[in-house]
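Okay, thanks for making time, everyone. Let me put the structure up, and then we'll walk through how the pieces pack.

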Amino acid sequence: MKPIITASACASESAGPRPPVLLDVRWRLGGPHGRADYEAGHLPGAVFVDLDQDLASPAGDGGRHPLPDPEVFGAAMRRAGVGQDTPVVVYDGGQGWAAARAWWLLRWAGHRDVRVLDGGLAAWTGDLSTDVPHPAEGDFRPKPGALPTLDADSAAAFARSGLLLDARVAERYRGDVEPIDRVGGHIPGAVSAPTDENTGADGRYLPAEQLAARFAELGAEAGAEGVGVYCGSGVSGAHQVLALEIAGLTGILYPGSWSEWSADPSRPVATGPEPQ
């Protein structure tokens, strides 16, 4: 199953005999809370999911968006109507990061039928609704570990002997600026691969062959053990993992990402434009 779905296909499935659960995950780093945007208009039947509350644990030693407690995450998904075998479509305001985070978490927790609305809300041409639905509670029970993850040590190992992609903007990778975390720079040996190069101007993912060519140029090899991925706090990195899957490759997320790595002053930090 492809990890993305077009707006037209989503509309068709929503009107069909087995409609997907729609999750609105609008969120922006440092921006206003997404619920106000949701209440102003969302896909008919969509339920709002709060990234900071439902898709992450409180910030701490594990970074700014540590993996959520499975019970908290499962309860949020059940309230939204997600069942073990219910198809799920997630979307955000168009950047794609938050939707990818929800997609990755559901996959990590064992859900097998979840897709991202390609292009997000901007791609939707149908009517929007201000009605807040109250779906019947689903029966989804997370089984964490269905997707592999990296910790700080294994991310460092990937950077030394495999391929570790840094999904942040190039300025943060180089250490030119660091508006959020303790120190700027990147994990030594990581390769810069900003997520905005996964999509076109319309916010939709590039075709699979273009993504495959992009990742091959960055050093990804088909059939390898996987490509390590990190970002600032495990949100935009999920976008990279999804793009890798479209390209036919396996991405392995480091959920703690730079916010966890850089919080420990004993860990090495590289700066500049090239892997070190």
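So, to kick off: at what angle do the axes of helix 8 and helix 9 cross? Roughly 110 degrees, and the axes come within 8 Å. Keep in mind that this is a predicted model. For orientation, helix 8 covers residues 208-218, while helix 9 covers residues 236-246. Anything from 65 to 115 degrees counts as roughly perpendicular, and that's why we call helix 8 and helix 9 roughly perpendicular to each other. As for handedness, their crossing is left-handed.

Who's touching whom there? On the helix 8 side you've got A208, L211, R214 and F215, and they meet Q240, A243, L244 and I246 of helix 9. Sort that contact by class and you get six nonpolar residues, one polar and one charged.

Now stay on helix 9, since helix 5 packs against it too. Here the axes are 7 Å apart and the angle is about 70 degrees. That makes helix 5 and helix 9 roughly perpendicular to each other as well, because the 65 to 115 window applies again. From helix 5, the residues in contact are W97, A100, R101, W103, W104 and R107. Across from them, helix 9 brings S236, A238, H239, V241, L242 and E245. By class, this contact of helix 5 with helix 9 has seven nonpolar, two polar and three charged residues.

Okay, zooming out. The protein has ten helices and nine strands. Its radius of gyration is 18 Å, close to the 19 Å the globule rule gives for 276 residues, so it's as compact as a globular protein of that length. If you'd like a box for the C-alpha atoms, it's roughly 55 × 40 × 30 Å along the principal axes.

On to the sheets. What order do the strands take in the five-stranded one? It's 1-5-4-2-3, an open sheet with parallel pairing. At its edges sit strand 1 (4-5) and strand 3 (47-48), each pairing on one side only. Strand 3 pairs with strand 2, residues 21-24, over two bridges, in the parallel sense. If you want a spot to click on, L23 stands opposite V47 in strand 3.

And helix 5 comes back here. Besides packing on helix 9, helix 5 (residues 97-108) lies across strand 2, strand 4 (88-91) and strand 5 (114-117). Relative to strand 5, helix 5 runs at about 175 degrees.

Then there's an open sheet of four strands, in the order 7-6-8-9, and its pairing is parallel. Strand 7 (191-192) and strand 9 (251-253) are at the edges with a single partner strand each, so one side of each has no neighbour in the sheet. Further in, strand 6 (residues 164-166) pairs with strand 8 (residues 227-230) over three bridges, in the parallel sense. The pair to look at there is L165, opposite V229 in strand 8.

This sheet has a helix across it as well: helix 6, residues 152-161, lies across strand 6, strand 8 and strand 9. Its direction is about 105 degrees to strand 6.

That's my tour, so over to you for questions.

Technical notes: Residues are numbered from 1 along each chain as its sequence is written. This is a predicted model: local features need pLDDT of at least 70, side-chain atom pairs count only at pLDDT 80 or more; totals for chains, interfaces and linings use all residues. Side-chain values use heavy atoms; hydrogens and water are left out. Axes are lines fitted to C-alpha atoms, for helices over the stretch in contact, and angles run from 0 to 180 degrees between N-to-C directions. Angles under 35 degrees count as roughly parallel, over 145 as roughly antiparallel, 65 to 115 as roughly perpendicular and the rest as oblique. A crossing is left-handed if the near helix is turned anticlockwise from the far one by less than a right angle, and right-handed if clockwise. Contact means heavy atoms within 4.5 Å. Ala, Val, Leu, Ile, Met, Phe, Trp, Tyr, Cys and Pro count as nonpolar, Asp, Glu, Lys and Arg as charged, and the others, Gly among them, as polar. Two strands pair if DSSP finds at least two bridges between them. The radius of gyration is taken over C-alpha atoms; the globule rule is 2.2 Å times the number of residues to the power 0.38.
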